[in-house]
Amino acid sequence: MARKSVPKPTMLTVYLYYPNIIGYMRILMNCFAFAICFSNKKLFSVLYFLSFVCDGIDGWVARKFNQVSTFGAVLDMITDRISTACLLVILSQVYRPGLVFLSLLALDISSHWLQMFSTFLSGKVSHKDVKDSTSWLFKLYYGNRMFMAYCCVACEVLYILLFLLAKSQTENLTSVLVGSAKQNVLLSILLGLSLFGWAVKQAVNVIQLKTAADVCVLYDVEKQQKR
C-alpha cells in the first residue's frame, strides 16, 4: 500500500506557522505598549509582560504542532532583544546614572548576537547547545529550562518595577531601590528575587560573550592553519 505523500511547506506556510503568528502579535503588542508607555505606565507594563510570556508560549506551540523553524527562532530573538533594548533605553532616560542601562543594553545585544553567530560557525542547530562549555553556570542556565525561565522573568520584572517606581525623569537608581525596599516588605522580597535572577543573567551574558568570541577566534585560527 503506497504511503500518502506529505505536502512540502511553502514560504507562505512557514510565515503562517502558529508560533510565528504569535511572534507577529508580540511585535504589534510591543509597538502599542511603547507608544503609551508614559501616558499609561500600568497598561504598558501589562502588555510588555504579556508579550514576554508569549515568548514561552510560542516555543511550546512550535513543538506541539511540529512547526519549529529557523525564521521563528530568529524572529523570537530579535523581538526579545529589541523589546528589552527599548525598555533599557527608556530607563536610561529616567534614571541616573543612565550609563548603567546603556551598558546593560550593549552587553545584552553583543552577547546574544555573538552567540548566535558562533552557533552557525560551529555547525550547531541551536544557540542553547552549550554542552561543550567549561562553565557550570553557563550549562546550568541553558540546560535547566526552569532556571533559565526564572532568570529571564526576574530580569524583565526588575526592569518593569524600576519603570513603575520612577516618579520623575531624574531618579537616582540607588535611592529608588533602597527607598522602595524600606517602604514595603513584599516589594523588597520581589526586588530581592528579581535582583538575584538579574545578576545571574548578566553573569551568563558575560560568559556567553567570551565563549562566543573564543569560538569565532578559534574558527579564524583553524582557517589560517588550513592555508
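## Helix 6 against helix 7

In this predicted model, helix 6 spans residues 136–143 and helix 7 spans residues 145–165. Their axes come within 5 Å and cross at roughly 95 degrees, so the two helices sit roughly perpendicular to each other.

Who's doing the touching? On the helix 6 side you've got Leu 137, Leu 140, Tyr 141, Tyr 142 and Gly 143, and they meet Arg 145, Phe 147, Met 148, Cys 151 and Cys 152 of helix 7. Sort the residues of that contact by type and you get 8 nonpolar, 1 polar and 1 charged.

## Cysteines without bridges

How many disulfides are there? The count comes to 0. A disulfide is a covalent bond between the sulfur atoms of two cysteines, and the cut-off used here is a pair of sulfur atoms within 2.5 Å.

Take Cys 151, one of the helix 7 residues in the contact with helix 6. The closest cysteine sulfur is that of Cys 152, and at 6.9 Å the pair is too far apart for a bond. Cys 31 has its closest cysteine sulfur in Cys 86, 8.5 Å away, so that one is too far for a bond as well.

Is each of these two cysteines buried or exposed? Cys 151 is buried, at 0% relative accessible area, while Cys 31 counts as exposed at 52%.

## Two buried residues: Arg 81 and Leu 104

Arg 81 belongs to helix 4, which runs over residues 70–94. With a relative accessible area of 13%, Arg 81 is buried. Leaving out residues up to four places away in sequence, Arg 81 touches Asp 108, Ile 109, His 112 and Lys 201.

Leu 104 is part of helix 5, residues 99–121, and is buried too, at 11% relative accessible area. With the sequence neighbours up to four places away set aside, Leu 104 touches Leu 88, Tyr 159, Trp 198 and Gln 202. There's also a long-range pairing to look at: the C-alpha atoms of Leu 104 and Asn 205 are separated by 9.6 Å, with those positions 101 residues apart along the chain.

## Annotated transmembrane regions

An unreviewed UniProt entry places the feature "transmembrane region" at residues 15–36, 82–107 and 147–165.

What does the model show over these stretches? Residues 15–36 come out as 86% helix and 0% strand, and the end C-alpha atoms are 29 Å apart. Residues 82–107 are 85% helix and 8% strand, with the end C-alpha atoms 13 Å apart.

Key:
Residues are numbered from 1 along each chain as its sequence is written. This is a predicted model: local features need pLDDT of at least 70, side-chain atom pairs count only at pLDDT 80 or more; totals for chains, interfaces and linings use all residues. Side-chain values use heavy atoms; hydrogens and water are left out. Axes are lines fitted to C-alpha atoms, for helices over the stretch in contact, and angles run from 0 to 180 degrees between N-to-C directions. Helices (H or I, at least four residues) and strands (E, at least two) are DSSP runs, numbered from the N terminus. Angles under 35 degrees count as roughly parallel, over 145 as roughly antiparallel, 65 to 115 as roughly perpendicular and the rest as oblique. Contact means heavy atoms within 4.5 Å. Ala, Val, Leu, Ile, Met, Phe, Trp, Tyr, Cys and Pro count as nonpolar, Asp, Glu, Lys and Arg as charged, and the others, Gly among them, as polar. Buried means under 20% relative accessible area, exposed over 50%, partly exposed in between (1.4 Å probe, protein chains only). UniProt positions are given in the numbering used here, feature names are shortened, and annotations may be inferred rather than shown by experiment.
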